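Please open the model in a viewer and keep the selection panel at hand. The stops below are arranged so that each selection leads to the next.

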Amino acid sequence: MLVVIINDRIIAPQQVCQACLLADRDGQPRWQQGKLCCGRVVRTLSYCSEPQSDAYECQMGFRLVDI
């Protein structure tokens with residue numbers, strides 16, 4: 001599940017992506033085969049020894065995390 005992180009808040013992507021020209025027809029981020037097609041990986045989150053989710057930045061500048 002993708003979430004948008006703004007400062008210290010977690011927001012559902014449909015609240016942000018609805019107005020984005022790069023979103024799919026349902027107003028969702030273009031997430032295909034485990035990759036964000038409308039953004040880029042900005043860092044790999046790794047706490048502890050277990051692999052964690054990647055953090056992405058969309059082309060509009062928002063941070064997204066797959067949780």
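The tour runs from the whole chain to the strands, the core, the cysteines, the salt bridges and a loop residue.

**Before selecting anything.** The model is predicted: local features need pLDDT of at least 70, side-chain atom pairs count only at pLDDT 80 or more, and totals for chains, interfaces and linings use all residues. Residues are numbered from 1 along each chain as its sequence is written, and side-chain values use heavy atoms, with hydrogens and water left out.

**Stop 1: the whole chain.** Display the chain as a cartoon. One helix and seven strands make up its secondary structure (DSSP runs numbered from the N terminus: helices are H or I of at least four residues, strands are E of at least two). Along the sequence, these elements follow the order β-β-α-β-β-β-β-β. Switch to a surface: the chain exposes about 5000 Å², of which carbon and sulfur atoms supply 49% (Shrake-Rupley method, 1.4 Å probe; for residues, only the protein chains shown count as cover). Of the 67 residues, 30% are buried (buried is under 20% relative accessible area, exposed over 50%, partly exposed in between, with a 1.4 Å probe and protein chains only).

**Stop 2: strand β1 and its partners.** Select residues 2–6, which form β1. Next add residues 9–11, strand β2, which pairs with β1 in the antiparallel sense over three bridges (two strands pair if DSSP finds at least two bridges between them). Valine 4 stands opposite isoleucine 11 of β2. The two strands form a hairpin with two residues between them, and asparagine 7 in the turn has a positive phi of about 55°. Then add residues 63–66, strand β7, which runs antiparallel to β1 and is joined to it by four bridges. Here arginine 63 is the bridge partner of isoleucine 5.

**Stop 3: the core.** Which nine residues make up the largest nonpolar core? Select Leu2, Val4, Ile11, Val16, Leu36, Cys38, Tyr56, Cys58 and Leu64 (such a core is a set of buried Ala, Val, Leu, Ile, Met, Phe, Trp, Tyr and Cys residues joined through side-chain atoms within 4.5 Å). The elements giving two or more residues to this core are β1 and β6 (54–58).

**Stop 4: the cysteines.** The structure holds zero disulfides (pairs of cysteine sulfur atoms within 2.5 Å). For cysteine 38, the nearest cysteine sulfur is that of cysteine 20, 6.2 Å away. Cysteine 38 is buried at 8% relative accessibility. Cysteine 58 is likewise in no disulfide, and the nearest cysteine sulfur, again that of cysteine 20, is 6.2 Å away. Cysteine 58 is buried at 13%. Leaving aside residues up to four places away in sequence, cysteine 58 touches Cys38, Gly39 and Leu64 (contact means heavy atoms within 4.5 Å).

**Stop 5: the salt bridges.** The whole structure contains two salt bridges (a side-chain nitrogen of Lys or Arg within 4 Å of a carboxyl oxygen of Asp or Glu). Select arginine 40 and glutamate 57, whose closest N and O atoms are 3.2 Å apart. Arginine 40 lies in strand β5 (residues 39–44) and glutamate 57 in β6, so this pair ties together parts 17 residues apart in sequence. Now add arginine 63, which forms a salt bridge with glutamate 57 at 3.6 Å, N to O. Shared partners join Arg40, Glu57 and Arg63 into one network.

**Stop 6: alanine 23.** Finish in the loop between α1 (13–17) and β3 (31–32), where alanine 23 is found. Is alanine 23 buried or exposed? At 9% relative accessibility, alanine 23 counts as buried. Its contacts, not counting residues up to four places away in sequence, are Cys17, Gln28 and Arg30.
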